[in-house]
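Work through the following exercises with the sequence and the structure open beside you. Try each task before you read its solution.

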Amino acid sequence: MADESKVTIHPPDDRGRRLVTYRREELGRATSERDVREFLYRAGMADAEDVDLTDEALFDWQGTGPESWPEL
């Protein structure tokens with residue numbers, strides 16, 4: 001079960017998109033780190049561009065980590 005105090009980036013779906021959730025709220029489906037940062041910004045994180053996406057205190061990467069994105 002995902003830790004609801006963290007932003008969860010779920011495993012890629014069959015199209016390579018990764019569901020991004022926070023406290024059971026869907027923020028969007030990401031195809032890149034840029035998408036994740038945009039979702040965080042829209043959710044109210046002012047420093048989304050500078051946040052360390054590998055910070056395990058903030059993010060729960062499921063399946064694969066932030067280095068794994070589909071080639072579009």
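**Exercise 1.** In this predicted model, find which residues are in contact with Ile 9 once its neighbours within four places in sequence are left aside.

*Solution.* Begin by setting aside the neighbours of Ile 9 within four places in sequence, and then look for residues with heavy atoms within 4.5 Å of Ile 9. What remains is a list made up of Arg 18, Leu 19 and Val 20, together with Phe 59, Asp 60, Trp 61 and Gln 62.

**Exercise 2.** Describe the largest nonpolar core, and state which elements supply at least two of its residues.

*Solution.* First take the core itself, which has 13 residues, and note that those with the most contacts inside it are Val 7, Ile 9, Val 20, Val 36, Leu 40, Leu 53 and Phe 59. Next turn to the elements: at least two residues of this core come from each of strand E1 (7-12), strand E3 (25-30), helix H1 (33-42) and strand E4 (59-61). Finally, ask which of them gives the most, and the answer is H1, with three residues.

**Exercise 3.** Work out the order of the elements along the protein chain, and decide how compact the chain is for its length.

*Solution.* Counting the elements gives one helix and four strands, and reading from the N terminus on, their order is β-β-β-α-β. The radius of gyration of the protein chain is 11 Å, close to the 11 Å that the globule rule gives for 72 residues, so the chain is as compact as a globular protein of that length. Along the principal axes, its C-alpha atoms fill a box of roughly 30 × 25 × 20 Å. As a last step, consider burial: of the 72 residues in the protein chain, 33% are buried.

**Exercise 4.** Examine the backbone angle phi of Arg 23 and of Arg 24, and decide whether Arg 23 and Arg 24 are buried or exposed.

*Solution.* Start from the general expectation that most residues other than glycine have a negative phi. Arg 23 is not a glycine, and yet its phi is positive, at about 50 degrees; Arg 24, likewise not a glycine, has a positive phi of about 70 degrees. Now locate them: Arg 23 lies in the loop between strand E2 (18-22) and E3, and Arg 24 has its place in the loop between E2 and E3. For the last step, recall that exposed means over 50% relative accessible area. Arg 23 has a relative accessibility of 55% and therefore counts as exposed, while Arg 24, with a relative accessible area of 68%, is exposed as well.

Notes
Residues numbered from 1 in each chain as written. Predicted model: local features only at pLDDT ≥ 70, side-chain atom pairs only at ≥ 80, totals over all residues. Heavy atoms only, no water. Core = buried A, V, L, I, M, F, W, Y, C linked by side-chain atoms within 4.5 Å. Buried < 20%, exposed > 50% of the residue type's maximum accessible area, 1.4 Å probe, protein only. Rg over C-alpha atoms; globule rule 2.2 N^0.38 Å.
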